[in-house]
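Student: Could you give me a close look at how helices pack in this model? Please start with what the handedness of a crossing means, and then connect the picture to other parts of the chain.

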Amino acid sequence: MRHRLLDRLSIEPRPRLIVVQGPAGYGKTSLLRQHCDRRAALGERVAWVRMDAQSADAVHLLRRLCDAVEILAGQRTRRPVDAVGRPATLQDLLRGLARLHEPLVLVVDNFETAASAQFESVFAQIVRSLPMTVQLCVGTRVLPGARLARLQIREGTVVLSNEELCFRPSETIEFLREFVSLRPEEIAEIHERTDGWPAALQAFRLCLRRGARFRAEAYSGRGVTRELMDFLAAEAFDQLAPALGTLLLELAIPEKLSAALVEHITGEPRGAERLAEIERAGLFLAQVDLEGTWLRFHNLFRQFLLGRAAQLFSPEDLRRRHRVVAAWYADKAYREEAIQHWIEAGETDRAAGLLAEVVDALVAQERLGLIQSYADRLPAEAVLRHDNLAHAAIIAYGFRRAFDKADRLLQLHRAQLDADGAGQAQLGLHNFSRLFVLAAQDRVEELGAVGEQTAQQLADRSGFAYAVTFNSRAMLCIGRGQYEEARALLMQARPLHDRDHSLFGQAYQDAIYSMSLACQGRIDDAERGLASALRRTEARACGSVSAGSVMAAYLVSCLYEQNRLPEAERLIGDYGQLAEEQAIVDAVATMGIARARIAHLDGRHGEAEETLERMLYVGYRYTLERLVIYAHAELARQATLDGELGRAERWLKELPVAFRDEPRDDLMFPAGETEACNLGWARWLIAAGRHAEARALLAPEIRRAIAARRRRRELKLHLLYALAHQAAGKANLAGRCLLDAVQIAAQGGFVRSLLDERAPAVALMKQLRAQQRNLARGVAPDAVMGHLDRLLTAAGEPAGEIDRADAEAAPPIESLTDRERNLLRFVAAGLTNQELADRLSVSTNTVKWHLRNIFEKLRIRNRVQAIALARRFGLID
């Protein structure tokens, strides 16, 4: 009993999170069990989940947590969980916890086995959602600081590291007290040799019990190593009776054991007795679950046993033993374990057949990593015997960016279909799986074309596969600026995804829909829709959060734009790594750029650069050109804003010519439309004092953005155009362009697009706001001026109050004649003096005379103020 450590875990107030972290053999599981015994003695309930290699993902975590909680609540007894059954969700877990009235200790052991980006995203959601009555305990070999920070709970965290888990000299003396013949210096040498490593001390104790005294010369070198454990395990193993040693080698084949499985392996009806015998002998056997149904050897000892088995048994003997285990697992409906052992047994056709039975459910649960791991170990011919397995493997390879494997399997599958004379429906399903690869490879034009072809080939027009064709075509429409067409396609996809309960399809549909809104300048609308969709996905998720990460990427971008940076950072912590690993290029870039900008704003320039360098790495590694372009553009942007113009120019010159010279009619997506497509060059030209070149670049881009209804891009272009005019000393033109930008910002909820241009933009906004101080008293500020005030406040520059004396003296709008009101409308519409003269059939001098009268009556000085007044008085929309 480690009283010193147990007292650390029992402090008051009761910690919400306990992390016991250390390498294999440091007694993490034993310590957590002793802690649970203490809490149970105080009347608390205990639920225990241990992750293992066969089921180390979020789907099994939720299922096992729900099982444990339901058993505690008396809702059901334990039963095998088949992958094709209904997966558990986070809401199922929370409902189960609500039925428990006593405080609960919830243990997740062997955490590092499941330490994937997908697992951690779901785990973070679980941590945030746990009731106050639940104490979460995590046992893990590795838990990096950044990951631990995401798990912190505000009520307190206790972390025990491997240094604290090591035995102290006094504890080693107590541990070896039964060996009265050991001299103090011998115990000290053992302690020094092991560095207090609990597993090694236990191995020493086993050796000493059998009379094999420790010999320093038996092992050269110092400190804790696997070789030391192998030596000690061999010392203990070689002292066993031959029959017991052989039994251990047989039982090491499966990762976990039950009495029934032991009886199946040995052919004897004494499974429980044999396990109890091994436990009493101290041979590193421990319970996996609270009920004691499943047990396992310590990882280090099992690896030793497997190594010894490989030396003593022939390859065919080992395969036979795996066949025995696989047959038992298959008979008991533990299909995933059975698949693993069929593969180890060399029975790849059986493994593929069993996998084909459950693979559709695995795809629906987005367990793509598991599918890929199986497909990697199966020969292609075994996979191709089952169409659904081939489709699933292609999808998994594609979305996990194993493009060479995906393309090879696509080619083999198409050749097989052609040889068999496959019909259009089969070709449609083949192309359906191809869509995922094209999306992951960012081949959007092909994606749209194949999506249209697939829709025509599929016989079933009511399911997930057909819905995906709408998603793919909508993606191409977004790139072309065909927003209404995209949304029409997505609305057709929605009921099909809903019918099949496809979180994956729904998530991408919502993400693409939000892209159309964002491009049209509707950031607030996009944020509301994405936040609602992500909450729905998280509540229904059964571990399938990969597609949720693409929604999170665009939601992060919206939150950043709205200046809600803490919320954006939380989502980045939950989903950033997962999006980087598996999302489409635009989502990866969108998340990465937001992350880099937040770090840059906070002065964490190294972190910002590291984030963008990771984007470059992923882009170069997987030949994703747009990802490289976006990273270059963002690096140039940050360098320009920091005044490092030489460095920025180098980054810009590394962009492809089409992204830094003559514009082209290529596809344009949210991640690059406001930076990579000429805007970065315009900003650099302004900063370099080349204002005329910047204006020449921006003017046609503004016309193109207006024609394509890319309002988000238009906002940024107007803003940079305003800054170019401001730098050239053209204040009136700068004010008019800024007003156009602020109008779009007010309608859509944009903040950071303006603030990110820093001091020049803030100075221009202050000038614009100052020009409004002579407006008529009693006229409520319109949405545009209200948004300008919001921007200035966010920039730390509260908008100045309206000059009351001028306001009181200003006559109302009724002082204008009807002709003057019409003229004010035309001015607000942007007509020049010559255009006004032509429209009114008067000379330009007459126009100027009328304008002077209007300006005097309203006490304004220029056209910018005239436009603002016309809007406030309701003369224009």
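Tutor: Happy to! A crossing counts as left-handed if the near helix is turned anticlockwise from the far one by less than a right angle, and as right-handed if it is turned clockwise. Please keep in mind throughout that this is a predicted model. With that definition in hand, look at helix H4 (residues 90–98) and helix H5 (residues 117–129): H4 passes H5 in a right-handed crossing. The axes of H4 and H5 lie 11 Å apart and make an angle of about 30°. Angles under 35 degrees count as roughly parallel, and H4 and H5 are therefore roughly parallel to each other. As for the residues that meet, H4 contributes Leu90, Leu93 and Leu94, while H5 brings Gln125, Ile126 and Ser129.

Between those two helices in sequence comes strand S3 (residues 104–109), which runs parallel to strand S2 and is joined to S2 by 6 bridges. Two of the facing positions are easy to find on screen: Val46 stands opposite Val105 in S3, and Ala47 has Leu106 in S3 as its bridge partner. Now zoom out to the sheet, an open one of 5 strands with parallel pairing, ordered S2-S3-S4-S1-S5. Its edge strands, each paired on one side only, are S2 and strand S5 (157–160). From one strand to the next, the twist averages 15°. Although S2 is an edge strand, S2 (residues 45–50) is mostly covered, with 5 of its 6 residues buried.

Let's follow the theme of burial to helix H14 (residues 271–280), where the buried residues are Gly271, Arg274, Leu275 and Ile278. These residues span an arc of only 100° around the axis, so they sit on the same side of H14. They pack against two helices and two strands: helix H12 (242–251), helix H13 (259–266), strand S6 (285–287) and strand S7 (295–297). Just beyond, H14 is followed by Gly282, which has a positive phi near 70°.

Helix H19 (residues 368–377) has a longer list to highlight: Leu368, Leu370, Ile371, Gln372, Tyr374 and Ala375 are its buried residues. Their cover includes helix H17 (335–344), helix H18 (348–364), helix H21 (387–399) and helix H30 (565–582).

Loops can hold buried residues too, as Gln441 shows. You will find Gln441 in the loop between helix H23 (424–440) and helix H24 (444–457). Gln441 has a relative accessible area of 12%, and since buried means under 20%, Gln441 counts as buried. Neighbours within four places in sequence aside, the contacts of Gln441 are Phe403, Asp407 and Leu624.

For a last stop, pick out His691, which lies in helix H37 (residues 691–707). The C-alpha atoms of His691 and His725 are 7.4 Å apart, though 34 residues separate them along the chain. Not counting residues up to four places away in sequence, His691 touches Leu685, Ile686, Ala724, Ala727 and Ala728.

Conventions:
Residues numbered from 1 in each chain as written. Predicted model: local features only at pLDDT ≥ 70, side-chain atom pairs only at ≥ 80, totals over all residues. Heavy atoms only, no water. Buried < 20%, exposed > 50% of the residue type's maximum accessible area, 1.4 Å probe, protein only. Helix = DSSP H or I, 4+ residues; strand = E, 2+ residues; numbered from the N terminus. Pairing = 2+ DSSP bridges. Contact = heavy atoms within 4.5 Å. Arc of directions from axis to C-beta. Axes fitted to C-alpha atoms, helices over the stretch in contact; angles between N-to-C directions. Parallel < 35°, antiparallel > 145°, perpendicular 65-115°, else oblique.
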